[in-house]
Each structure stands twice: as structure tokens, then as C-alpha cells.
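Reader: I would be grateful for a close look at the side-chain contacts that tie together separate parts of this chain. Please take the charged pairs as the starting point and proceed from there to the other contacts.

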Amino acid sequence: MSTDIERLLAAAADDTDRPLTTDVDDLLVRARHSVRRTRIATVSTAVLTTGVIIAGVATWSANRTESVGPAGETIRYDAKTGQVLGDETGTRPQPPPAVSTLSDANLRDQCEQADKEWLDTMRERGADPADKAGPLDARWKVAVKAGLGNRVDVIFLSPDKSIYGTCALVGVNRAQSYGRFSTSPKPVGGLERSTAGIRVPAEVRAVLVDVDGESVPRQALLGVDGFYSLGVPDTSTIGRIQRVRGYNEHGNKVYEYTRPTPTPYRQTVPDSVTVKTAEPITPNVILTKDPLTGKALAPPPPVSPLTDEQITTRCRGVDDIYFQGSKSPQDPRIKAAGPVTKDWQVALKTGTGNKLTAVLISPDKKVHAWCHMLATTAKGAYDYSRGAVQADGTFGDDFNFGMVPDGVAQIVVDLPKQGPTRALISNGYYIWGLTGGNSDIQTVRVRGYDAQGKQVYTAKKTVDADFD
């Protein structure tokens, strides 16, 4: 991986650098490592994707099916209402969602903050070079708006039609998901992009969508410029698009998209490798002043008052959502570790009251779970990820926590706002604050000191520097 966009995509795929050939629905469902729950992004037609996290740009594999359908496949539909009465098999699809009665201006206002957060995050990570459309404002057109009351799925189209934005509202000013993507098929960093699965050609007048786990297809609400929507789901069950069919005014199929089969995961780390942490060192001289400037160091974040069992119980809730959303092939060690239980080691925990950030290690010492929660259950804001041990026995570099280098007893993180801050060290891991949300990703200097307060380590590290 060589670009920030590619690294963002890699983070979406369980933090590995393996090639991404999964479809957009599954990629975004699995992206658990990018931003807080209030800044999550998805594609509107990736139905039933409750609680997903942003993943960057949409990607499809090169072997996707996206072509004109065979002659003879037709539908029956009511020309007055546009409702499909039966497909080529004679099955009557589920009716399309209703057109939202909320005004375009109202929807833009409700999604404006989510758009700002998306742009902020992408700017910090290395923004999509194709996105030059500027922030969501009155110039953006509503391409489709589907839903009832305050539960609405809306797609915005930029003035120059180069960017579309997806926003799923589940209440007043409550964006369950948000994302911005290019309408151009040009690749970014060698990764192919497409609007397959969310947009159909101009001649299409009716859209049918087959969804995993459903025997009857759904009819989508077709808007302008070929964009369509299945609305916002009323359930937390996660389903993905299998196939999209588009029909012209005569009922003949003129378009089809079939979700590609993901490439199987290729494990490159021997299964015998387990995580290796640095030997703990008790400092003889506790640093209270910055050795470089003599100024007072900011204190380390507090140890969470929650018990380990309280933490594993709470994190199990978002862990279940993680597994519910992980559909594509992934590192088998992540699945083999099983769900979080009281047998998982709480290696590090920080926070006050109900606020929590913790690092949990699986009983087999091969998988870590990073858990950030601002409420007692997953109904509140949270952030979550899992990762498997690498060949060198570490979990690699992470902007939410770190692994203590050998010979280091104390760590100072040069944070941009707080200034030099002592990190909390626990069981070979360290953290500099209540990381989560990733709304302010910065590259900073990390300094390590031995038991006598002598500097023995220095490195630059990308960190989440804005604490919830």
C-alpha cells in the first residue's frame, strides 16, 4: 500500500494489506476502524447495514457482472404507478419505499454535519483527489429520497455531478450513515471504482434488487440521474445486495449487476505466532517534567474504574455487531478467537464513568480487540476493531493505541493540543487518551525513557489526538 486512500481501504479490510476484491456493500459493513458511530458511512443500497463505519472510497473487483441482460427477460408493471407486478419468474416483488415528504432543504440541513465530518476525516487521511465538489450546500441536488417520517435514505448529487453523497437518517439530525463517492470509474491508487449497485443507466425505468436471505426481490425507488434507493431498514439484520436488474419502459431488462465473489483470504503469518509484549519495567525516576523543555508534562489518562468483567461484558455488545457485519473472507484467526468473553485479557483500559477505551487480547494471544464506548451499550456512540498478530509478534502500528518498545519504562507523546503527555502503560501496551472517533488524526513524536529517565526510543507515530 502506498497512498493514504489505499491505507484507509486496508483499514476497512480488517487492517491487512491484502488485495481488496470485495464488493462495496461488504467492505463498508466490515469497516469497523475508522470513525465514531455518528460518522459512519455506507452506500444507500447496501441494505440493512446498521452501525457500519466509513471505509473511504467504494471498490469492486474487476470480475464484476454489469451488462445488458439477455433478450426475453421482462417484467410486468403498472405504467401509471410504476410498481412492478411481476418479474420474469412471475414473482411479485416487494413494493418500493415511499418518496420522503421532507423537503430537499430540510434533508440537506440534517446531513450537513455528517458531510462536514466526512470531509474532515478524509482530509486528515489523504482526501479523494476526485472529490473537488466542496461541502454539501443548496447547490447539491437531491437525486432520490426514500422513507417515511424522519427515517429517510437520501442521495445527494454535486453541482458538477462528479460526486454523490449518501445519508441515512434514523431520526431528526441523526445520520446513521454517511459517505461521499466519485461518479467517475477512474481508479484511485490502482483500485477500481464504480457506481454499480447504486446507479443504473438512463433508459432504466424500474429497478429490482435481490438481497441476501430474502426469497422475493425488492423494487427500489428510482430517482433522477439513475440513482435509486431501498430506503432505511427497520431491522438490525444485515443483508447485502446479490443482484440488481434494470428494465426499460417496455419492461425489457437492459441492465444487470451481480455482486462479485470475494477472493479468498490468504494468510501469510504462521498460525503458531502469538503476540509478544515488552517486559514491564518499573521506573525509578518518574517523569513529571519534559526532559527536553523542563515544562510540566500533562498527566497520563486515568485507568478506567470499570472492572475487567464489566469491560468485557460491554465490549461483547459491539463485538457481536462486528461479527454480524463481517461477511467477506477474513483472517481466520480473527474468527477462530471467538466472541469476547470474560476469558479475554483486558490489557489496557482508560476512561471515566461510562466512557471507555480498552484493548482486549484473546485467550490464544493471536487477536486483539480495540473497544471504545461512550455509553453502557452499543446504542450509544462506539468505535471498534479487531486485528490479528503479525509475523514479528506485534499487532502493528495503530493510531488508537501502541505497543511498548523493549527497554522503555515511560512514554511521552507530543500531542498537538495537550502538549507533551505521559502515556498510560499497561501490560506492554500504551495509550495517550480516550481515543475513539478518529476525528483528529495527527502524526506526532513518541519518546520512550528507561527506568532512570534516559531517552532510549524516539519515533513518529500517527495518532488519534482528539478525545471524546
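**Contacts across the chain**

Author: In this predicted model, aspartate 290 has a relative accessible area of 4% and is buried. Its partner in a salt bridge is arginine 447, with 2.8 Å between the closest N and O atoms. The aspartate belongs to the loop between β13 (253-258) and α4, whereas arginine 447 belongs to strand β23 (residues 441-449), so the salt bridge ties together parts that are 157 residues apart in sequence. Arginine 447 also counts as buried, its relative accessibility being 2%.

This pair is one of 24 salt bridges in the structure. Another brings together the side chains of lysine 145 and aspartate 104, at 2.8 Å from N to O. These two residues are 41 residues apart and link distant parts of the chain, with lysine 145 in strand β4 (residues 141-148) and aspartate 104 in helix α3. Lysine 145 is buried at 17% relative accessibility, while aspartate 104, at 28%, is partly exposed. The limit between the two classes is 20% relative accessible area.

A further salt bridge connects arginine 243 with aspartate 210, where the closest N and O atoms are 3.1 Å apart. Here two strands are involved: arginine 243 lies in β12 (residues 241-247) and aspartate 210 in β8 (residues 206-211), the pair being 33 residues apart and linking distant parts of the chain. Arginine 243 is partly exposed at 24% relative accessibility, and aspartate 210 is buried at 12%. Both residues belong to a network in which salt bridges with shared partners join Glu73, Asp87, Glu88, Asp210, Arg243, Arg245, Lys253 and Glu256.

The covalent links come next. A search of the whole structure finds two disulfides. In one of them, the sulfur atoms of cysteine 111 and cysteine 167 are 2.1 Å apart. The torsion about this S-S bond is about -90°, so the disulfide is left-handed. Cysteine 111 sits in helix α3 (residues 104-125) and cysteine 167 in strand β6 (residues 163-171); the pair links distant parts of the chain, 56 residues apart. Cysteine 111 and cysteine 167 are both buried. Helix α3 thus appears in two of these contacts, since it holds cysteine 111 and aspartate 104.

The other disulfide joins cysteine 315 to cysteine 371, with an S to S distance of 2.2 Å. Its torsion is about -100°, so this disulfide is left-handed. Cysteine 315 is part of helix α4 (residues 308-325) and cysteine 371 part of strand β16 (residues 367-373), again a link between distant parts of the chain, 56 residues apart. Cysteine 315 and cysteine 371 are both buried. With bonded cysteines counted along the chain, the disulfides follow the pattern 1-2, 3-4.

Aromatic side chains add a further set of contacts, with a count of seven aromatic pairs. In one of these pairs, the ring centres of tyrosine 322 and phenylalanine 323 are 5.5 Å apart and the planes stand at 85°, so the arrangement is edge-to-face. Tyrosine 322 is buried, with 1% relative accessible area, whereas phenylalanine 323 is partly exposed at 25%. Elsewhere, Trp118, Tyr164, Phe181 and Phe227 make up one aromatic cluster.

Conventions: Residues are numbered from 1 along each chain as its sequence is written. This is a predicted model: local features need pLDDT of at least 70, side-chain atom pairs count only at pLDDT 80 or more; totals for chains, interfaces and linings use all residues. Side-chain values use heavy atoms; hydrogens and water are left out. A disulfide is a pair of cysteine sulfur atoms within 2.5 Å. Helices (H or I, at least four residues) and strands (E, at least two) are DSSP runs, numbered from the N terminus. Buried means under 20% relative accessible area, exposed over 50%, partly exposed in between (1.4 Å probe, protein chains only). Rings of Phe, Tyr and Trp (its six-membered ring) pair if their centres lie within 6.5 Å; planes under 30 degrees apart count as stacked, over 60 as edge-to-face and the rest as tilted. A salt bridge is a side-chain nitrogen of Lys or Arg within 4 Å of a carboxyl oxygen of Asp or Glu.
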